[in-house]
Amino acid sequence: MIGPLLRAGIEVLPGAVPPSAVPHVLGYERDRIFGGFFVEYEDPRLVERLNEGWYDLALSSGLLDENREFLLMLPRGTWTAAEDRRPRRGMHVWHRVRLLDRWDVMGAGAASFLGVRSGHPGFAMLALDNSVWLLADTYESGVGVYAVRDPARSPGVLRELERLAGEDVYRDPAFRREVTAWLERGAP
């Protein structure tokens, strides 16, 4: 996992995930979306425009802290995004990471753990303080990236987390315990 992320310009900082990090984001309200962009696959500068747009949104939304650190959702194991599309092996978890000076999130990153292939990302990122959740995904005609404000305070996200704590929909007991523990501590 470390090598492909380093090629994407992302350094993993082991064991540094804040306990306050919301374990999963699902069910947020549309009015919490406060930024985003879309690039069509036909664009000859697809990866370049995706990288520029992602970085601008990461900066303007507050995803990156003063050390360019944030949380990145990665599989518990070391499989690639393409392998992850097979039947679930377990839920994804946050990893604290730092954006290096030279990076290629939408090219080299999307070709490894952050997508299906270069220019076809599929990832979730979270600010260290839970203030913004950033999602990139592929659609029929292009790539969409958008930012969601305060996901840990979203009533829809909290409802979904309560549902996940009550039933093991991902068949991942460790993830269910993490969700339950986070809910018991109370949302930040």
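These questions and answers deal with a predicted model.

Q: What makes up the protein chain in terms of helices and strands?
A: The protein chain has 6 helices and 9 strands. Of its 188 residues, 49% count as buried. The exposed surface comes to about 9,200 Å², with 49% of it supplied by carbon and sulfur atoms.

Q: How are contacts in the protein chain spread along the sequence?
A: Take the contacts between residues at least 6 apart in sequence. Of these, 66% join residues at least 24 apart.

Q: Why is H5 called oblique to H6?
A: Helix H5 (residues 155-166) and helix H6 (residues 173-185) pack at an angle of about 130 degrees, and their axes are 8 Å apart. Roughly perpendicular ends at 115 degrees, and roughly antiparallel needs over 145. The angle falls in neither class, so H5 is oblique to H6. The crossing of the two helices is left-handed.

Q: Which residues make the contact of H5 with H6?
A: From H5 come Leu158, Leu161, Glu162, Leu164, Ala165 and Gly166. From H6 come Phe175, Arg176, Val179, Thr180, Trp182 and Leu183.

Q: How does that contact divide by class?
A: The contact has 8 nonpolar, 2 polar and 2 charged residues. Gly counts as polar, and Gly166 is one of the contact residues. Glu and Arg count as charged; Glu162 and Arg176 are in the contact.

Q: Why is Gly166 called buried, partly exposed or exposed?
A: Gly166 lies in helix H5. Its relative accessible area is 55%. The cut-off for exposed is over 50%, so Gly166 counts as exposed.

Q: How far apart are Gly166 and Thr180, in sequence and in space?
A: Gly166 and Thr180 are 14 residues apart in sequence. C-alpha to C-alpha, they are 8.4 Å apart in space.

Q: What stands out about phi of Arg68?
A: Most residues other than glycine have a negative phi. Phi of Arg68 is near 65 degrees, a positive value. Arg68 sits in the loop between helix H2 (46-61) and strand S3 (69-75).

Q: Why does Arg68 count as partly exposed?
A: Arg68 has 21% relative accessibility. Buried requires under 20%, and exposed requires over 50%. Arg68 meets neither cut-off, so it counts as partly exposed.

Q: Where is Asn130 found, and what is its phi?
A: Asn130 is in the loop between strand S7 (123-126) and strand S8 (132-138). Its phi is positive, about 65 degrees, although Asn130 is not a glycine.

Q: How do you know whether Asn130 is buried or exposed?
A: Asn130 has a relative accessible area of 3%. The cut-off for buried is under 20%, so Asn130 is buried.

Conventions:
Residues numbered from 1 in each chain as written. Predicted model: local features only at pLDDT ≥ 70, side-chain atom pairs only at ≥ 80, totals over all residues. Heavy atoms only, no water. Axes fitted to C-alpha atoms, helices over the stretch in contact; angles between N-to-C directions. Helix = DSSP H or I, 4+ residues; strand = E, 2+ residues; numbered from the N terminus. Parallel < 35°, antiparallel > 145°, perpendicular 65-115°, else oblique. Left-handed = near helix turned anticlockwise from the far one by under 90°. Contact = heavy atoms within 4.5 Å. Buried < 20%, exposed > 50% of the residue type's maximum accessible area, 1.4 Å probe, protein only. Areas by Shrake-Rupley, 256 points an atom, 1.4 Å probe, with all protein chains shown as cover.
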